[in-house]
Every structure is written in structure tokens, then in C-alpha cells.
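Got your viewer up and a selection box ready? Load the model below and follow along, one selection at a time.

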Amino acid sequence: MNHPFFRKTRGVSFVSILAMLIFGSSDSYGWHDRTHLAISQAAGFDRWYSSAAPDVVKSRDAFRPLEEKNHYYNNNAERKITPEMVMKQVERINNPDDDEGHLYGAIIGSVRDYKALKRSGRFPDYPLVFCAHYIGDLSMPLHNIPYDAFNKERHTINDGIIECSALNNVGYIQRSIYDIHIENEEDLAREVARIAEISRKLGMKIRKENRNMTQAEAYGQVIHSASLFRAILRYLGKNPCI
């Protein structure tokens with residue numbers, strides 16, 4: 001499997017590590033936990049309550065070098081995001097030396113992991129927990145621009161812009177979801193690139209204006225993530241629980 005979490009690492013089994021996921025996270029470098037949960041719940045993911053788990057994995061020293069790179073793309077060249085860039089990142093998964101990160105490739109990889117487990121007759125849902133989290137990170141603007149002084153200063157504040165209200169507004173996010181049609185991996189890469197570019201542009205805008213996102217902007221972003229994740233659930237034959 002592409003994802004390092006689906007292997008034994010340093011003698012620690014998958015099952016024992018999974019047990020740690022329910023205890024919360026001391027680190028949160030995308031949207032904060034409740035915002036991730038709101039995105040997944042609005043999309044209709046039946047395991048929405050686990051969607052903060054990848055940040056827990058990332059908080060463990062044994063897994064950090066591999067997992068943390070899946071949560072962002074420091075677009076140092078400030079290039080427009082294209083489907084070709086998304087697919088190119090897939091080959092960088094599990095490369096701890098990839099300083100820019102490979103969020104977009106990790107989304108593709110998690111979908112591939114789900115399909116592979118399902119074909120083998122094994123329980124396939126855990127890769128979707130990672131997919132849900134990565135798709136949440138996709139709409140966080142500061143995960144799509146260079147990790148410069150502005151990003152470092154503003155990152156934690158912007159992660160939590162709607163943290164206190166997100167779970168109270170799942171219905172609003174759900175009602176705001178728009179249709180995305182995915183039939184194949186090319187469609188998925190195109191949609192990942194589209195939302196990444198929207199997020200990148202907003203990140204560049206707030207950097208230019210030297211400010212944080214507004215709550216309205218943050219909700220607009222998470223609606224993109226919820227819409228894409230619902231489309232992925234349907235693409236994979238997982239009827240959203242709505």
C-alpha cells in the first residue's frame with residue numbers, strides 16, 4: 001500500500017496504532033479538529049468522527065517524517081495548480097525528503113489504497129479517513145502557498161477561524177454542497193487541482209492584504225472540501241450518510 005500507516009513500523013502493529021487515534025491530538029496543522037469533523041459529517045462520511053485522526057498519526061515521532069508531508073504543498077514557485085501537477089505528486093508519497101510536501105498526491109494515493117483494499121476483500125474504509133482529512137487540508141489556503149514568514153505567523157489562527165462554530169453549522173455546510181461529478185482518476189485530479197487553485201489564490205490574497213481569513217471565506221473553503229469528498233464517496237460506491 002502507498003500509505004505508511006498500513007504497514008507495521010518499528011514493531012508497532014496497525015491495530016495498536018489505530019487504537020491511539022481516538023484519544024485526540026496535541027498537534028493540528030490543517031483546519032483544527034472540529035472543522036475537519038464538520039467537513040466529513042456534512043459530506044455524509046459514516047466515519048466522520050475519525051477525520052482528525054491523521055493529525056494524531058502525524059504527532060507521533062515514528063510516523064511524522066512520512067505522514068506530515070501528506071498534509072500540505074508549499075508551492076514555493078507559486079505556480080498555478082494543474083491536474084498534471086497533482087498526478088506528478090503521487091510518485092512523491094512516502095518521500096520524507098520532499099520538503100514541499102505532496103498533499104495532492106496523497107489524496108490520489110488514499111483513493112487508490114481504498115480501491116486496492118476493496119479488491120482484495122479486506123476492510124477498505126480506513127484509507128477514506130485519511131482521504132477525508134487530506135481533502136479538508138486541500139481547502140485551507142495556507143496549505144497551498146509557500147511556508148514563509150506570513151504563513152508561519154498566521155497559520156494557527158487561520159486553522160481555527162471557524163473551529164468554535166463548525167460543528168454547529170454542519171447543516172449549513174451540507175446545504176451549500178454543490179455537485180461534482182467524478183468518473184475516473186483524471187476527473188479526480190482535475191477537481192483536486194481546481195480546489196487547490198482556489199485555495200492558493202485566497203492564500204495569496206490574504207498574504208497580500210496581510211490579514212486572516214474571514215469566517216465567510218473559511219466557510220466558503222470548507223464547502224469546497226465537503227463537496228469534493230461527497231463526490232469521492234459516490235465515485236467509490238459509498239452512499240453518503242445524509
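Start by selecting Phe 229, which counts as buried at 0% relative accessibility. This is a predicted model, so everything on the tour is a computed value for that prediction. Add Phe 45 to the selection: with a relative accessible area of 2%, Phe 45 is buried too. Which kind of aromatic pair do the rings of Phe 45 and Phe 229 make? Their centres are 5.2 Å apart and their planes sit at 80°, so the pair is edge-to-face. Now colour by element and see what the two rings bring together: Phe 45 belongs to the loop between helix H2 (33-43) and helix H3 (53-59), while Phe 229 is in helix H11 (residues 215-235). That is a link between distant parts of the chain, 184 residues apart.

Stay in this part of the sequence and pick Trp 48 and Tyr 49. They form another edge-to-face aromatic pair, with 6.1 Å from centre to centre and 75° between the planes. Check the surface here: Trp 48 is partly exposed at 27% relative accessible area, and Tyr 49 is partly exposed at 48%. The full count for the model is 6 aromatic pairs.

Time to zoom out and switch to cartoon. You should see 11 helices and 0 strands, so an element string read from the N terminus is α-α-α-α-α-α-α-α-α-α-α. Of the 242 residues in the chain, 55% are buried.

Next, charges. Select Arg 207 and Glu 78, which form a salt bridge with the closest N and O atoms 2.9 Å apart. Arg 207 lies in helix H10 (residues 185-208) and Glu 78 in the loop between helix H4 (64-67) and helix H5 (83-88), so this contact ties together parts that are 129 residues apart in sequence. Are the partners buried or partly exposed? Arg 207 is partly exposed, at 23% relative accessibility, and Glu 78 is partly exposed as well, with a relative accessible area of 33%.

Keep Glu 78 selected and look at the backbone. Its phi is near 55°, a positive value in a residue other than glycine. As background, most residues other than glycine have a negative phi. There is another one to look up: Asn 94 has a positive phi of about 75° and is not a glycine either. You'll find Asn 94 in the loop between H5 and helix H6 (103-119), partly exposed with a relative accessible area of 23%.

Back to salt bridges for a few more stops:

- Glu 209 and Lys 205: their side chains meet in a salt bridge, 2.9 Å from N to O. Glu 209 is partly exposed at 38% relative accessible area, and Lys 205 is partly exposed at 39%.
- Glu 217 and Arg 211: here too the side chains meet in a salt bridge, at 2.9 Å from N to O.
- Asp 46, Arg 47, Asp 125 and Lys 238: select these four together, as they are linked in a network of salt bridges.

How many salt bridges does the model hold? The count comes to 19.

Now go to helix H10 and click on Ala 189. Ala 189 is buried, at 2% relative accessibility. Draw a distance from its C-alpha to that of Ile 108: the separation is 7.4 Å, for residues that are 81 apart along the chain.

Two cysteines make a short detour. Cys 131 is buried, with a relative accessible area of 0%, whereas Cys 164 is exposed at 68%. Don't go looking for a disulfide, since the count is 0.

Last stop: the empty space. The structure holds 2 cavities of 30 Å³ or more, and the largest has about 40 Å³ of space in it. To frame the largest cavity, select its lining residues: Ile 177, Tyr 178, Asp 179, Ile 180, Ser 227, Arg 230, Ala 231 and Arg 234. What classes of residue make up that lining? It has 4 nonpolar, 1 polar and 3 charged residues.

Note on methods. Residues numbered from 1 in each chain as written. Predicted model: local features only at pLDDT ≥ 70, side-chain atom pairs only at ≥ 80, totals over all residues. Heavy atoms only, no water. 1 Å grid on protein atoms, 1.4 Å probe; cavity = no way out; pocket = protein on both sides within 12 Å on 5 of 7 lines; lining within 4 Å. Points joined across faces, edges and corners; volume = space filled by probe spheres on them. Nonpolar A, V, L, I, M, F, W, Y, C, P; charged D, E, K, R; others polar. Disulfide = S-S within 2.5 Å. Buried < 20%, exposed > 50% of the residue type's maximum accessible area, 1.4 Å probe, protein only. Helix = DSSP H or I, 4+ residues; strand = E, 2+ residues; numbered from the N terminus. Phe/Tyr/Trp six-rings, centres within 6.5 Å; stacked < 30°, edge-to-face > 60°.
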